[in-house]
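Here is a friendly walk through the sheets, the helix packing and a salt bridge. Please keep the viewer open as you read.

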Amino acid sequence: MSFIRGGLLSKQTIITMEYRHLHLLKKQGYINGEWVNAKNNGSFPVLDPANDKVITDVPDMDASDAKAAVDAAACAFKTWRDTTAKERSSILRKWFDNCQKNTEHLAEIITAEAGKPMIESKGEIVYGNSFLEWYADTARHINGEVIPSPWPNKHIMVTRHPLGVVSIITPWNFPFAMITRKVGALLAAGCTCVIKPAEDTPLTALAAVELALQAGVPKGVINVITSSRKNAPGVGKVLCEDPQVGCISFTGSTNVGKILYGMAAKGIKRVSLELGGNAPFIVFPSADINHAADQAMLAKFRNNGQACVGANRFLIHQDVFDQFVQCFKSKIQDRCILGPGNKEGVTCGPLINDAQVKSVSNLVDDAVSKGAKVLVGGKIAKSIGEKFYESTMLINVKKEMKIYEEEIFGPVAVCLKFKTESEALEIANSTKSGLASYVFTKDLGQAFRMSRQLEFGMVAINDGVLSSAEPPFGGVKESGIGREGSKHGAEEYTDIKYTLFSALDK
């Protein structure tokens, strides 16, 4: 029997104490510079997907809390927008420094609530932090224009101004990087925000904001609302429809993105949407097959396949199909080591929740029932846990199978043969999505042709990882609107103002 301060420990408190080593663990929402509970006093548990143990409870906030957060952000905007670019740059640099110093602590929280192996969690901190560093510099280079006037006595000036309060809705698969990529950009532009992190991974957001607070971000500039799935619709309605909100920035599924887009349309609000992908990974005969297979491991199995830019369809030329498949299969068997993220040597953690496990299982089972062949994996690794799905490779996949067209978002590689360049393009482009694509070839002309003809916002030639802070990240078709990263990412959060100076000869 365990006691503390004279009282009996509840089961939940005992479980929570297993995670007491998490240095930056915060258990409240953050509104107007204060750590707060939900107004309704509700809460919900955050679980470790590796073992389903409760890490801690966080507030189950609702529409009234969201409204308070928007009000705080709107009030703070009145002063934050008038800070100099140099001041904003300095604060972002301090936030970057704080995150850099706390890489280990932040990574431990990601591994606890998202299930990633520690090496991947640390990699996400490096990646996510690169956006804070980038926007600390970019803040001082959000420039306007002076346009030659058609009139001799008039002068045309174009300036950029922060558009106001931004609603940030982030996914669970990259709980740190998706916040820094968005919030770094909008702070650089002079906006304020309300963040609604995914209900599966709110703790990373709270930890990141704690470090922003320590960096000197004024109260009300950043606010965080935590809510369960039950309250998410009400919170989302406020974040999309409140007249004080100027922009909705969302990363997540295409279906949810369409709903938010419709809500934003009621107020003619700006949107920045980074939605689902269905990335092709195309291997031509001239490719270095071993290199292509190495890059395939990164493009497919990073975060256990739970990435919007993850390779979904492997299109392999018939002349090198068997060679690539055998090489890729060997690397999967050697390098994909399933287990809890905090266990040394593990490279693939659990899927995030039961719904994700069911989705991946159903896609694979449907394909197998219709004739697909499993070369490796193909089932839940129940000996490890209910959320661990084996790293899987399928061949003989046909159009009538669900997995042929749907985004898998899991550790399943689907390998398809093609005969000609035009056939590869037809298959690759036969999707409503258009986020990332990957091409492997040593033919320079072919590389340029594919870059031009692939209907995707991003094309990687001979590489399986394409995202960084410097280039613009985003898609076409139903994969979204707008760009993140690069100077364009900051400009997403600005309005252009045209000022005409006339009668200069008077």
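Let us begin with a small sheet: three antiparallel strands make an open sheet in the order S7-S8-S22. Its edges are strand S7 (145–147) and strand S22 (494–501), each with a single partner strand, so one side of each is left without a neighbour in the sheet. From one strand to the next, the twist averages 25°. Bear in mind throughout that this is a predicted model.

Within this sheet, strand S8 (residues 155–162) pairs with S22 in the antiparallel sense, and eight bridges hold the pairing. If you would like one pair to look at, Pro162 has Thr494 in S22 as its bridge partner.

**The seven-stranded sheet**

Another open sheet has seven strands with mixed pairing, in the order S16-S17-S18-S15-S14-S19-S20. Strand S16 (373–376) and strand S20 (458–461) are its edge strands, and each pairs on one side only. Here the twist averages 25° from one strand to the next.

Which way do S14 and S15 run relative to each other, parallel or antiparallel? Strand S14 (residues 279–283) and strand S15 (residues 311–317) run parallel and are joined by five bridges. Val283 is found opposite Ile316 of S15. A helix also packs on this sheet: H14 (residues 421–429) touches S14, S15 and strand S18 (412–418). The direction of H14 makes about 165° with that of S15.

**A hairpin**

Strand S5 (residues 43–47) and strand S6 (residues 54–59) are antiparallel partners, with five bridges between them. Leu47 has Val54 in S6 as its bridge partner. The two strands form a hairpin, with six residues between S5 and S6. In the turn, Asp52 has a positive phi of about 65°, a backbone angle you can look up directly in the model.

**Helices that pack together**

Three helix pairs come next, with their geometry set out below.

| Helix pair | Axis distance and angle |
|---|---|
| H3 (residues 85–101) and H7 (residues 202–214) | 8 Å apart, about 130° |
| H2 and H8 | within 8 Å, roughly 25° |
| H4 (residues 103–114) and H5 (residues 118–138) | within 8 Å, roughly 120° |

Take H3 and H7 to start with. Their axes make an angle of about 130°, and the two helices are therefore oblique to each other. H3 passes H7 in a right-handed crossing. On the H3 side, the contact is made by Trp95, Asn98 and Cys99, and on the H7 side by Ala208, Leu211, Ala212 and Gln214. By class, the residues of this contact of H3 with H7 are five nonpolar, two polar and no charged.

Next come H2 and H8, whose axes cross at roughly 25°. That angle makes H2 roughly parallel to H8. The crossing of H2 and H8 is right-handed. Ala63, Ala66, Lys67 and Val70 of H2 meet Gly234, Val235, Val238 and Leu239 of H8. The contact of H2 with H8 divides into six nonpolar residues, one polar and one charged.

What is the orientation of H4 relative to H5? The axes of H4 and H5 cross at roughly 120°, which makes H4 oblique to H5. H4 passes H5 in a right-handed crossing. Thr103, Glu104, Leu106, Ala107, Glu108, Ile110 and Thr111 on H4 meet Met118, Ser121, Lys122, Glu124 and Ile125 on H5. This contact of H4 with H5 has five nonpolar, three polar and four charged residues.

**A salt bridge at H2**

Side chains of opposite charge can pair when their charged atoms come close. How many salt bridges does the structure hold? The structure holds 26 salt bridges. One pair deserves a look alongside the packing of H2 and H8: the side chains of Lys67 and Asp242 meet in a salt bridge, at 2.8 Å from N to O. Lys67 belongs to helix H2 (residues 63–80) and Asp242 to the loop between helix H8 (232–241) and strand S12 (245–251), so the salt bridge ties together parts that are 175 residues apart in sequence. Lys67 is also among the H2 residues that meet H8.

Note on methods:
Residues are numbered from 1 along each chain as its sequence is written. This is a predicted model: local features need pLDDT of at least 70, side-chain atom pairs count only at pLDDT 80 or more; totals for chains, interfaces and linings use all residues. Side-chain values use heavy atoms; hydrogens and water are left out. Two strands pair if DSSP finds at least two bridges between them. Helices (H or I, at least four residues) and strands (E, at least two) are DSSP runs, numbered from the N terminus. Axes are lines fitted to C-alpha atoms, for helices over the stretch in contact, and angles run from 0 to 180 degrees between N-to-C directions. Contact means heavy atoms within 4.5 Å. Angles under 35 degrees count as roughly parallel, over 145 as roughly antiparallel, 65 to 115 as roughly perpendicular and the rest as oblique. A crossing is left-handed if the near helix is turned anticlockwise from the far one by less than a right angle, and right-handed if clockwise. Ala, Val, Leu, Ile, Met, Phe, Trp, Tyr, Cys and Pro count as nonpolar, Asp, Glu, Lys and Arg as charged, and the others, Gly among them, as polar. A salt bridge is a side-chain nitrogen of Lys or Arg within 4 Å of a carboxyl oxygen of Asp or Glu.
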